[in-house]
Amino acid sequence: MATQRRDAPGLGEAGVIAQPPGVARSGDDLTLAAAEADLLAAPELSGSLAEYARLWLKRVRGGESGMLPVLGGLVLLVVIFQVENSKFLSAGNLTNLLVQAAVFVLLGMAEVFVLLLGEIDLSVGYVAGIGGVIMGELTGYPLSLPWWVGILAGLAATTAIGLLQGTLVTRLHVPSFVVTLGGLLGWEGVMIWLVDRDGNATGGTIRITNDIIYDLVNGNLSPVAGWAALAVVVAAFAALAIMRDRRRRASGLAAPPAGLTIAKIIFVAVAGVALVTVCNLNRGVGLQPLSGIPWIVPIVLALLAGSTFLLGRTRFGRYVYAIGGNAEAARRAGINLSRVRIAAFALTGLLGGAAGIVYASQLGSISIDIPGGTYVLYAVAAAVIGGTSLFGGRGKMVHALLGGLVIAVIYNGMGLLGLGSAAQFMVTALVLVAAATVDALARRNRKTSRAA
Amino acid sequence: MTADSTRPAPEAPAGQAPPPGREGEPILRLRGIGKNFGAVQALAGVDLDVPAGQVTALVGDNGAGKSTLIKTIAGIWEPDTGQIFWKGQPVRISSPKEATDLGIATVYQDLALCDNLDIVQNMYLGHEVRRGWLLDEAGMETGARRTLADLRVTTVRSIRQPVGSLSGGQRQAVAVAKAVRLQAGLVIMDEPTAALGVSQTALVLDLIRQLARRGVAVIVISHNLSDVFAVADRLAVLRLGRIVAAGPASEFDTQTAVDFITSGTSSRAAQAPAGGGTSGPEG
């Protein structure tokens, strides 16, 4: 803090409130005056785009690198795989990659809720399995219930599991690691038991016969619908961003410069156009044309947007961060810690169930061979690679998206190169450890710069 | 707001002899507060008046009962005997929430801040302003800025920076601003300057004066007598669970305060108050 700027352009924009008055007492005049001069505020947001860029650079150098490392790593991996195999960036493979990433992303998002509290959920892989199995049994022969009944029942079951585990952790003070380690074993057992009850499951596998559920992952939006959806998303994003800035300005608060907001909107639009364009290219093999965005992409993005909103804009989300940051402070602020914690575990169950349903849809079946143990590790890895802390309080939903994409890129790229799971596991491990190392170094950097 | 900054405010009737509480009704009045932990008598009938708009320093040696006393006021535990009067009314304070609801805010030594949240988020933690289901960020930021401006906290770069990036004095300021924002009538500060350097200490002491100037009653616990004399209007010395001396700070000096803290009496002080507060104010 000692190295703050003393020239303060654009005073009054933000941060600076009033010139400090003279000192009331005798005695400390000198020290107080010195302290005030030394710490005299420089506004964080003075308005110009260049100023923003400078402050951002400063933050990055100060250790708050945010998502830069994972974005850089993602680009690096893509470049490597593209150099090794030119099919990597083909429309067909990129679309396939997005589909493969969906389960990892959803599991990572599920894990972020509990990681933010400083807890962990090791059971989410098999909880996902239970969600998929219940959905598959209800929609398959002989019940053949409607698709939405199956999905709701599956999600309700996994949410209830989350509630149960959260209650054990919160009310009985059993460490979440132990409760969910038990879940990792127990829910696999429950899943196998459920499948064993089902006389129509052959070899422990339940086939997905409902077309709508099968199409969640394997169906595509028509190209026109894809463009329309993109237009709606970009318009909504732009409207929200502009309205927020306007409201802040109306309240006399510092808002980001219009240039930055426009740049963000353009970035979203360009990324969306790229996504839709790639997915709308004909990726059919042979004579059968195939194009359009897989349904799973907007589904995952909608869940991502919803979860981000929940964490960033609601009181519940604020309390999750507060508990992860300092549970004692949250308790003294009158927050009901138990309710928030149980709700977070329930949300982990909910998103885990969604991941299981997506997994079943993707494969067209759900079997007791679902690698729930590996998947839970991928879930934690996705969140951590993206930049979410294991110690609570730091992290975002979008981290799970980026981390899940990294895992999918490795999985997909290794497959293209004809490398087996041996290489895939090792590379994923390297990326995970590298991500954690970058984070640890950045944090050390931040600590020392604060102490100075 | 510039005229009052040149002199200690508010005007305390200097040189008044005890008993305390002559300057209007004290906002908090303790009578005969006693607290035992098993066989250990932590508080043995404490009488204390805390007037609004003044800084009351509670001093005493380790184990004198300072922490027990403030925890009793803050609702951490109830006294075994005695009565607490808040704004003239007898009250029972049986939980921290009840204390907060009355308008008693305690800034503990650990400050109870979330390092990962920013200043605005910390100041409104547990009392978020919402528009419908959503957090009213702009409204909260405006309110936080106003509170900090009232307290003349001008040293933070941006109120949207995480509290973890602040200096010790700034963190203390955020904790105090949080209490002020809740319209606290009494702010209790436990060792506010214990971990701070010289310049940070000066900032916090100035902040305490700002609080008193706003009409808030402040109780400061401190081991540092020079800080105490720099900031306090009144002094109360606690020894072995009893108040052994209390009165305007001008009637004490470092030596008499040390005498009271260590032995419970002071030969010098015995003469000073009788002489009508002739001992000069100690800076």
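In chain B of this predicted model, helix H1 (residues 66-73) lies across strands E1 (28-37) and E2. The helix runs at about 60° to E2(B). Both strands belong to an open sheet of 4 strands in chain B, ordered E2-E1-E4-E5. Its pairing is antiparallel. Strand E2 (40-50) and strand E5 (89-91) of chain B form the edges, and each pairs on one side only. Neighbouring strands of this sheet are turned by 30° against each other on average, direction ignored. At the E5(B) edge, 3 bridges join this strand to strand E4 (residues 81-86) of chain B. The two run antiparallel. Trp86(B) stands opposite Gln89(B) in E5(B).

Chain B also holds an open sheet of 6 strands, in the order E6-E9-E10-E3-E11-E12. Here the pairing is mixed. The edge strands are E6 (104-107) and E12 (242-248) of chain B, each paired on one side only. The average turn between neighbouring strands of this sheet is 15°, direction ignored. E6(B) pairs with strand E9 (residues 186-190) of chain B in the parallel sense, over 4 bridges. Within E9(B), Met189(B) is the residue opposite Val107(B).

Two helices of chain B are placed against these strands. Helix H5 (residues 168-181) of chain B packs on the sheet and touches E6 and E9 of chain B. Its direction makes about 170° with that of E6(B). Helix H6 (residues 198-213) of chain B lies across strand E3 (55-60), E9 and strand E10 (217-221) of chain B. With E10(B), helix H6(B) makes an angle of about 150°.

For chain B as a whole, the count is 9 helices and 12 strands. The chain has 283 residues, of which 55% count as buried. Among contacts in chain B with a separation of 6 or more, 67% come from residues 24 or more positions apart.

Chain A provides a case of helix-helix packing. Two packed helices are described by the angle between their axes and the distance between the axes. The axes of helix H11 (residues 296-313) and helix H16 (residues 397-416) of chain A come within 8 Å. They cross at roughly 145°. From H11(A), the contact involves Leu304(A), Ser307(A), Thr308(A) and Leu311(A). These meet Met397(A), Val398(A) and Leu401(A) in H16(A). By class, the contact of H11(A) with H16(A) has 5 nonpolar and 2 polar residues, and no charged ones.

Terms used: Residues are numbered from 1 along each chain as its sequence is written. Chains are lettered from A and ligands numbered from 1 in the order in which they are written. This is a predicted model: local features need pLDDT of at least 70, side-chain atom pairs count only at pLDDT 80 or more; totals for chains, interfaces and linings use all residues. Two strands pair if DSSP finds at least two bridges between them. Axes are lines fitted to C-alpha atoms, for helices over the stretch in contact, and angles run from 0 to 180 degrees between N-to-C directions. Two residues are in contact if their C-beta atoms, placed from the backbone, lie within 7 Å. A residue is buried if 20 or more other C-beta atoms lie within 10 Å of its own, exposed if 12 or fewer, and partly exposed in between; C-beta atoms are placed from the backbone. Ala, Val, Leu, Ile, Met, Phe, Trp, Tyr, Cys and Pro count as nonpolar, Asp, Glu, Lys and Arg as charged, and the others, Gly among them, as polar.
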